[in-house]
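Biologist: I should like a close look at a single part of this structure, namely its salt bridges. Please set them in the context of the whole chain.

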Amino acid sequence: QIRLVESGGGSVHAGASLTLSCAASGFGVSKFHMAWFRQAPGKEREGVAGIYAGGALTTLYVDSVKGRFTISRDNAKNMLVLQMNVLNAEDTAVYYCAASDRVWGGAMSTSAFAYWGQGTQVTVSS
């Protein structure tokens, strides 16, 4: 059974950093395409960062987080990680971990990912 469990969310001030983790079970994170999405109140869920399956470690980021967020995998711990630096109020959202074992063209759309975690809240105060 595939399961994703996020952790690491919290409340911080603008400019701070947070590290989100996603513990995966039922599959190996290196064999699935993985991504982080977020959903702010009243807004649609948006893709934040993605990483392709395999050893190339190709990553994708939405423009608003480029240079501040870093997505990575810890294959030994079977976890997905999102390092978030220089947070601002616009980063406030529930953050979700997602996984896909299907062909992925790089579109950061919710329909591309079949497996989801329950989410972790990130709140940034200005």
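**Salt bridges within the fold**

Modeller: In this predicted model, residues 24 or more positions apart account for 58% of the contacts in the protein chain with a separation of 6 or more. The protein chain contains 11 strands and zero helices, so its elements, read from the N terminus, run β-β-β-β-β-β-β-β-β-β-β. The radius of gyration is 13 Å, which agrees with the value near 14 Å for a compact globule of 126 residues. Along the principal axes, the C-alpha trace spans about 40 × 25 × 25 Å. Of the 126 residues, 41% are buried.

Against this background, a search of the whole structure yields four salt bridges. The part requested is best described through R38, a residue of strand β4 (residues 33-39). The side chain of R38 forms a salt bridge with that of E46, at 2.7 Å from N to O. These two partners can be classed by their accessibility. R38 has a relative accessible area of 5% and is therefore buried, because buried means under 20%. E46, at 30% relative accessibility, counts as partly exposed.

R38 also meets D91 in a salt bridge, with an N to O distance of 2.9 Å between the side chains. This pair links distant parts of the chain: D91 lies in the loop between β8 (79-84) and β9 (93-100), R38 lies in strand β4, and 53 residues separate them. Both D91 and R38 are buried.

D91 in turn has a salt bridge to R68, where the side chains meet at 2.8 Å, N to O. Here too the pair links distant parts of the chain, for R68 is in the loop between β6 (59-61) and β7 (69-74), 23 residues from D91 in the loop between β8 and β9. D91 and R68 are both buried. Through shared partners, the salt bridges join R38, E46, R68 and D91 into one network.

Two properties of the whole chain complete the account. The 10 positive and 8 negative charges of the protein chain have mean positions 5 Å apart. The accessible surface of the protein chain comes to about 6200 Å², and carbon and sulfur atoms hold 51% of that surface.

Technical notes. Residues numbered from 1 in each chain as written. Predicted model: local features only at pLDDT ≥ 70, side-chain atom pairs only at ≥ 80, totals over all residues. Heavy atoms only, no water. Buried < 20%, exposed > 50% of the residue type's maximum accessible area, 1.4 Å probe, protein only. Helix = DSSP H or I, 4+ residues; strand = E, 2+ residues; numbered from the N terminus. Rg over C-alpha atoms; globule rule 2.2 N^0.38 Å. Contact = heavy atoms within 4.5 Å. Areas by Shrake-Rupley, 256 points an atom, 1.4 Å probe, with all protein chains shown as cover. Lys, Arg positive; Asp, Glu negative; His and termini not counted. Charge placed at Lys NZ, Arg CZ, Asp CG, Glu CD.
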